[in-house]
Amino acid sequence: QVQLVESGGGLVQAGGSLRLSCAVSGRTASSYAMGWFRQTPGKEREFVAGISRISSRTFHADSVKGRFTISRNNAKNTVYLQMNSLKPEDTAVYYCAAQSLASGTVVLTTTSAYDYWGQGTQVTVSS
(Lines give C-alpha, C1' and ligand atoms only; values in the text may rest on other atoms or scores of the structure.)
Protein backbone atom coordinates (compact mmCIF):
# COMPACT_ATOMS: atom_id res chain seq x y z
CA GLN A 1 0.00 0.00 0.00
CA VAL A 2 1.49 3.30 -1.04
CA GLN A 3 1.36 6.41 1.12
CA LEU A 4 1.71 9.96 -0.15
CA VAL A 5 2.64 12.85 2.12
CA GLU A 6 2.63 16.40 0.84
CA SER A 7 4.64 19.24 2.34
CA GLY A 8 5.81 22.73 1.47
CA GLY A 9 2.53 24.62 1.52
CA GLY A 10 2.07 27.91 3.30
CA LEU A 11 1.27 31.59 2.99
CA VAL A 12 3.02 33.62 0.31
CA GLN A 13 2.51 36.99 -1.30
CA ALA A 14 1.42 37.31 -4.90
CA GLY A 15 4.40 36.96 -7.20
CA GLY A 16 6.21 34.71 -4.77
CA SER A 17 7.24 31.07 -5.05
CA LEU A 18 6.72 27.81 -3.21
CA ARG A 19 7.90 24.28 -3.83
CA LEU A 20 5.60 21.46 -2.85
CA SER A 21 6.98 18.00 -2.19
CA CYS A 22 5.20 14.66 -2.24
CA ALA A 23 7.03 11.84 -0.47
CA VAL A 24 6.10 8.36 -1.69
CA SER A 25 6.41 5.38 0.62
CA GLY A 26 5.44 1.76 0.31
CA ARG A 27 6.85 1.27 -3.16
CA THR A 28 9.37 3.16 -5.20
CA ALA A 29 8.12 6.34 -6.81
CA SER A 30 9.23 5.09 -10.21
CA SER A 31 6.37 2.57 -10.04
CA TYR A 32 3.78 5.34 -10.37
CA ALA A 33 2.53 7.97 -12.69
CA MET A 34 2.13 11.04 -10.48
CA GLY A 35 0.03 14.17 -10.48
CA TRP A 36 -0.83 17.32 -8.60
CA PHE A 37 -4.38 18.57 -8.18
CA ARG A 38 -5.92 21.42 -6.24
CA GLN A 39 -9.28 22.16 -4.70
CA THR A 40 -11.05 25.16 -3.22
CA PRO A 41 -14.22 25.02 -1.10
CA GLY A 42 -17.31 24.29 -3.11
CA LYS A 43 -15.40 23.41 -6.26
CA GLU A 44 -14.31 20.16 -7.84
CA ARG A 45 -10.73 19.03 -7.57
CA GLU A 46 -8.87 20.23 -10.63
CA PHE A 47 -5.80 18.94 -12.41
CA VAL A 48 -2.65 21.03 -12.10
CA ALA A 49 0.21 18.93 -13.48
CA GLY A 50 1.16 15.33 -14.19
CA ILE A 51 4.32 13.36 -14.86
CA SER A 52 4.72 9.93 -16.41
CA ARG A 53 6.08 6.88 -14.64
CA ILE A 54 9.17 6.73 -16.82
CA SER A 55 10.69 9.15 -19.28
CA SER A 56 9.38 12.00 -17.07
CA ARG A 57 6.96 13.29 -19.65
CA THR A 58 4.97 16.16 -18.17
CA PHE A 59 1.75 18.02 -18.80
CA HIS A 60 0.54 21.20 -17.11
CA ALA A 61 -2.88 22.80 -16.99
CA ASP A 62 -3.20 25.97 -19.05
CA SER A 63 -3.87 27.98 -15.90
CA VAL A 64 -0.38 27.19 -14.54
CA LYS A 65 1.65 26.63 -17.70
CA GLY A 66 4.82 28.67 -17.65
CA ARG A 67 4.56 29.26 -13.89
CA PHE A 68 4.45 25.78 -12.33
CA THR A 69 6.73 22.84 -13.03
CA ILE A 70 6.27 19.23 -11.96
CA SER A 71 9.34 17.05 -11.57
CA ARG A 72 10.37 13.84 -9.87
CA ASN A 73 13.43 12.43 -8.15
CA ASN A 74 12.94 8.67 -8.09
CA ALA A 75 16.10 8.18 -6.05
CA LYS A 76 14.46 10.22 -3.28
CA ASN A 77 10.97 8.80 -3.91
CA THR A 78 9.71 12.34 -4.20
CA VAL A 79 7.68 14.37 -6.66
CA TYR A 80 7.82 18.16 -6.67
CA LEU A 81 5.69 21.05 -7.83
CA GLN A 82 7.67 24.25 -8.24
CA MET A 83 5.26 27.17 -8.19
CA ASN A 84 6.47 30.58 -9.35
CA SER A 85 4.68 33.87 -9.98
CA LEU A 86 1.90 32.81 -7.65
CA LYS A 87 -1.47 34.51 -7.91
CA PRO A 88 -4.30 34.79 -5.37
CA GLU A 89 -6.37 32.47 -7.57
CA ASP A 90 -3.78 29.74 -6.95
CA THR A 91 -4.98 29.57 -3.35
CA ALA A 92 -6.20 26.03 -2.70
CA VAL A 93 -5.45 22.75 -1.00
CA TYR A 94 -2.96 20.93 -3.19
CA TYR A 95 -3.07 17.15 -3.43
CA CYS A 96 -0.54 14.65 -4.71
CA ALA A 97 -1.82 11.56 -6.51
CA ALA A 98 -0.35 8.29 -7.80
CA GLN A 99 -1.36 5.54 -10.20
CA SER A 100 0.51 2.27 -10.58
CA LEU A 101 -1.00 0.75 -13.70
CA ALA A 102 -0.26 3.46 -16.22
CA SER A 103 2.10 2.62 -19.02
CA GLY A 104 5.51 4.21 -18.72
CA THR A 105 5.01 7.32 -20.81
CA VAL A 106 1.39 8.19 -20.06
CA VAL A 107 0.53 11.40 -18.22
CA LEU A 108 -2.79 11.17 -16.39
CA THR A 109 -4.92 14.29 -16.08
CA THR A 110 -8.19 13.26 -14.43
CA THR A 111 -9.02 12.56 -10.79
CA SER A 112 -10.65 9.24 -11.69
CA ALA A 113 -7.40 7.99 -13.22
CA TYR A 114 -5.55 8.03 -9.91
CA ASP A 115 -5.72 5.36 -7.21
CA TYR A 116 -3.85 6.95 -4.34
CA TRP A 117 -4.08 10.41 -2.79
CA GLY A 118 -2.27 12.37 -0.14
CA GLN A 119 -3.96 14.40 2.58
CA GLY A 120 -3.23 17.73 0.93
CA THR A 121 -1.30 20.85 1.82
CA GLN A 122 -2.75 24.36 1.99
CA VAL A 123 -1.36 27.07 -0.26
CA THR A 124 -2.55 30.61 0.37
CA VAL A 125 -1.50 33.48 -1.87
CA SER A 126 -2.21 36.97 -0.54
CA SER A 127 -2.73 39.95 -2.82
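Mentor: A charge sits over a ring if NZ of Lys or CZ of Arg is within 6 Å of the ring centre and within 35 degrees of the ring normal. This is a predicted model, in which local features need pLDDT of at least 70 and side-chain atom pairs count only at pLDDT 80 or more, while totals for chains, interfaces and linings use all residues. Residues are numbered from 1 along each chain as its sequence is written, and side-chain values use heavy atoms, with hydrogens and water left out.

Trainee: Over the face of which residue does Arg45 lie, at 3.6 Å from the ring centre?

Mentor: The charged end of Arg45 sits over the ring of Trp117, but there the distance to the centre is 4.9 Å. The ring whose centre lies 3.6 Å from Arg45 is that of Tyr95.

Trainee: How many bridges join E5 to strand E6?

Mentor: Strand E5 (a DSSP run of at least two residues, numbered from the N terminus) covers residues 46-51, and 5 of these 6 residues are buried (under 20% relative accessible area), so the strand is largely enclosed by the rest of the structure. With E4, residues 33-39, E5 pairs (at least two DSSP bridges) in the antiparallel sense over 5 bridges, and Trp36 stands opposite Ala49 there. With E6, residues 58-60, E5 also runs antiparallel, and Ile51 has Thr58 as its bridge partner. The number of bridges joining E5 to E6 is 3.

Trainee: Which residue in the turn between E4 and E5 has a positive phi?

Mentor: The hairpin of E4 and E5 has 6 residues between its strands. One residue in that turn takes a phi of about 80 degrees, and this is Gly42.

Trainee: How many residues apart in sequence are the parts tied together by Tyr32 and Tyr116?

Mentor: The structure holds 6 aromatic pairs (ring centres within 6.5 Å; planes under 30 degrees apart are stacked, over 60 edge-to-face, the rest tilted). Tyr32 and Tyr116 form one that is edge-to-face, with 6.1 Å between centres and 85 degrees between planes. Tyr32 lies in the loop between E3 and E4 and Tyr116 in strand E10, so the parts they tie together are separated in sequence by 84 residues.

Trainee: Is the pair of Phe47 and Phe59 stacked or edge-to-face?

Mentor: Phe47 in strand E5 and Phe59 in strand E6 are 12 residues apart; Phe47 is buried at 13% relative accessible area, whereas Phe59 is partly exposed (from 20% to 50%) at 42%. Their ring centres are 6.1 Å apart and their planes stand at 25 degrees, so the pair is stacked.

Methods. Buried < 20%, exposed > 50% of the residue type's maximum accessible area, 1.4 Å probe, protein only. Helix = DSSP H or I, 4+ residues; strand = E, 2+ residues; numbered from the N terminus.
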